[in-house]
Amino acid sequence: MAEPQAQACIPGGKCVPCESLDKSHLLSPEKVEAELLTNNIETWKMKDGNKIARSYTARNFQCAMDSMVAIAKIAERENHHPDMHLTGYRDVEIVLFTHSLGGISENDIALAQMIDAEVEFDYSPKWLKSNPEAKKD
């Protein structure tokens with residue numbers, strides 16, 4: 001009988017130290033897609049086969065920066081850091097993957113959930129009209 005795989009996340013969604021993870025913690029693309037749907041974080045999409053990403057257009061430059069600072073605070077608290085890109089002064093892309101593994105682990109799913117739950121995004125009204133799934137209830 002195979003040994004049970006250690007969890008990459010502490011129950012309740014907290015990230016565990018990446019140093020304790022190995023390649024067995026990588027999620028398959030099918031598992032990632034299922035996790036995104038199951039955890040109601042459909043704003044995140046697979047990227048390059050080994051990452052998940054969330055892109056949005058903020059209302060203005062300040063709103064883009066405010067959301068990135070809020071994400072950075074969560075990342076510091078969890079000690080799990082995304083790649084963040086700001087282009088065109090308000091177009092933001094957040095990319096998550098477990099750098100030490102070169103792919104997606106439960107830590108990335110947990111961090112995506114935290115970002116969606118805790119960050120107040122101030123989207124461009126035009127962008128939000130085209131992306132209604134991003135609106136929080």
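This briefing covers the overall fold, helix α1 and the largest pocket of one protein chain. The model is predicted. The chain holds 4 helices and 6 strands, and buried residues account for 43% of its 137 residues. The largest pocket encloses about 270 Å³ of space.

**Overall fold**

- Read from the N terminus, the order of elements is β-β-α-β-β-α-β-β-α-α.
- Of the contacts between residues at least 6 apart in sequence, 63% join residues at least 24 apart.
- The chain has an accessible surface of about 7900 Å², and carbon and sulfur atoms contribute 54% of that surface.

**Helix α1**

- Helix α1 spans residues 29-38, and its buried residues are Val32, Glu35 and Leu36.
- Viewed down the axis of α1, these buried residues fall within an arc of 100°, so they line one face of the helix.
- The buried residues of α1 pack against three elements: β3 (45-47), β4 (51-57) and α3.
- On the face of α1 turned away from the buried side are the exposed residues Glu30, Leu37 and Thr38.
- Just after α1 comes Asn40, which adopts a positive phi of about 55°.

**Lys31**

- Lys31 is a residue of helix α1.
- With a relative accessible area of 37%, Lys31 counts as partly exposed, because that class lies between the buried limit of under 20% and the exposed limit of over 50%.
- Lys31 and Ile104 are 73 residues apart along the chain, while their C-alpha atoms are separated by 9.9 Å.

**Largest pocket**

- The lining of the largest pocket consists of 14 residues.
- Nearest the centre of this pocket lie Asn40, Asp116, Glu133, Lys135 and Lys136; Asn40 is also the residue with positive phi just after α1.
- By class, the lining comprises 7 charged, 4 nonpolar and 3 polar residues.
- Helix α3 (residues 106-118) gives the most to the lining, with 3 residues.
- Helix α3 is also one of the elements against which the buried residues of α1 pack.

Definitions and conventions: Residues are numbered from 1 along each chain as its sequence is written. This is a predicted model: local features need pLDDT of at least 70, side-chain atom pairs count only at pLDDT 80 or more; totals for chains, interfaces and linings use all residues. Side-chain values use heavy atoms; hydrogens and water are left out. On a 1 Å grid over the protein atoms alone, a cavity is a set of points where a 1.4 Å probe fits but cannot get out, and a pocket is an open set with protein on both sides within 12 Å along at least five of seven lines; lining residues have an atom within 4 Å of a point. Grid points are joined across faces, edges and corners, and a volume is the space filled by probe spheres set on the points. Helices (H or I, at least four residues) and strands (E, at least two) are DSSP runs, numbered from the N terminus. Ala, Val, Leu, Ile, Met, Phe, Trp, Tyr, Cys and Pro count as nonpolar, Asp, Glu, Lys and Arg as charged, and the others, Gly among them, as polar. Buried means under 20% relative accessible area, exposed over 50%, partly exposed in between (1.4 Å probe, protein chains only). Contact means heavy atoms within 4.5 Å. Accessible areas come from the Shrake-Rupley method with a 1.4 Å probe; for residues, only the protein chains shown count as cover. The arc is that of the directions from the helix axis to the C-beta atoms.
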